[in-house]
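I opened this structure to see how its parts are arranged. These are my notes, in the order I looked things up.

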Amino acid sequence: MSSIKADVNKADNLKRQGSFRKLIPLNTNGDSQLSMSVKMIDRPTVSQTNKEYAVYLLEYNILSEYSMLCSQDLKGIYVIPSAQNSLLWFGVQFVRQGIYQGGVFRFTITLPQNFPDGGCPKVTFQTPVFHPLIDPESGDLCTLWGFPEWRKSNRLWQLVQYITKILTKVDIKMNPVNQEASMLLENNFEAFRECVKKCVRESSNTVHNPPTVDDPHYIAFGPYISELHDSIKREIYEPKEEEDNKVRGLSWVQAGSLQPFSKPEAR
């Protein structure tokens, strides 16, 4: 599997439902839609007289963040905003290397109401993960290790990248919220490995569970069906046959010559 943009046209990524389809209405002061958009981009703090535009500015900020995230080469992770609430994003991490390899971990990202202000978005794992930075009770990820201070210059794709990083490489210097995981990591790595293997197995066993929320953007996976998927699998793995006489490229050198841009001699 590739990043969230794999096999999806970028234009399709921006076809949103609900609030993302809104347009800026006419201003009571007579400003056009275009001039208001420029003002909101140039002046991120909405004035007292334009507070009705705050919701539109918020959603354009979120749409911009999602567009930037789609342009990043983020491997093995899928993220998409909820169709019903643009402040809630669904995500699934497929771990491809490291001690958590093989794990399929679901999580949500919750943006603050005044995004991009309001601090770092909240990351919560729905799939139990035995990790020093993940609270075993709530599933909340400690983001302070990667983002001691969340600034407006930080982007959501960086937060998504951070999720992949902490599951790919576990650092003993992490400030733990799961003390048991931290102690085992430092003092008994084999016991830590066994706990990790257990949560990886459990994540694989629950990957096909039905959605826990009624949202069309919830990321769901169906089981492998031989009658449906075998032909596609064979097409992917079988080598392509090439014709012997097939033209494989163009040459700017005449046959029998070493001179670039050569051509037959005139007779």
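The entries below go from the whole chain to the sheet and then to single residues.

**Entry 1: the whole protein.** I noted first that the model is a predicted one. I counted the elements and found seven helices and four strands. Reading from the N terminus, I wrote down the order α-α-α-β-β-β-β-α-α-α-α. The strands therefore follow one another in that order, with helices before and after them.

**Entry 2: burial and surface.** I looked up how much of the chain is covered. Of 267 residues, 34% count as buried. The exposed area of the protein is about 17400 Å², and carbon and sulfur atoms supply 52% of that area. I also checked contacts between residues at least 6 apart in sequence: 57% of them join residues at least 24 apart.

**Entry 3: the sheet.** In what order do the strands of the sheet lie? I read E1-E2-E3-E4, an open sheet of four strands with antiparallel pairing. Strand E1 (77-81) and E4 are at the edges with a single partner strand each, so one side of each has no neighbour in the sheet. On average, neighbouring strands are turned by 20° against each other, direction ignored.

**Entry 4: a helix on the sheet.** I then looked for what packs on this sheet. Helix H3 (residues 54-70) does, and it touches E1 and E2. The direction of H3 makes about 15° with that of E2.

**Entry 5: strand E3.** Why is strand E3 largely enclosed by the rest of the structure? I checked residues 104-110 and found that six of the seven are buried, so the strand is largely enclosed. Buried here means under 20% relative accessible area.

**Entry 6: the partners of E3.** I followed the bridges on each side. Strand E2 (residues 88-94) is joined to E3 by seven bridges, and the two run antiparallel. Within this pairing, Gln93 has Phe105 of E3 as its bridge partner, and Gly91 stands opposite Phe107 in E3. To strand E4 (residues 122-125), E3 is joined by four bridges, again antiparallel. There I noted that the bridge partner of Ile109 is Val123 in E4.

**Entry 7: a general reminder.** I added one rule for reading strands: in a regular strand the side chains alternate between the two faces of the sheet.

Key: Residues are numbered from 1 along each chain as its sequence is written. This is a predicted model: local features need pLDDT of at least 70, side-chain atom pairs count only at pLDDT 80 or more; totals for chains, interfaces and linings use all residues. Side-chain values use heavy atoms; hydrogens and water are left out. Buried means under 20% relative accessible area, exposed over 50%, partly exposed in between (1.4 Å probe, protein chains only). Contact means heavy atoms within 4.5 Å. Accessible areas come from the Shrake-Rupley method with a 1.4 Å probe; for residues, only the protein chains shown count as cover. Two strands pair if DSSP finds at least two bridges between them. Axes are lines fitted to C-alpha atoms, for helices over the stretch in contact, and angles run from 0 to 180 degrees between N-to-C directions.
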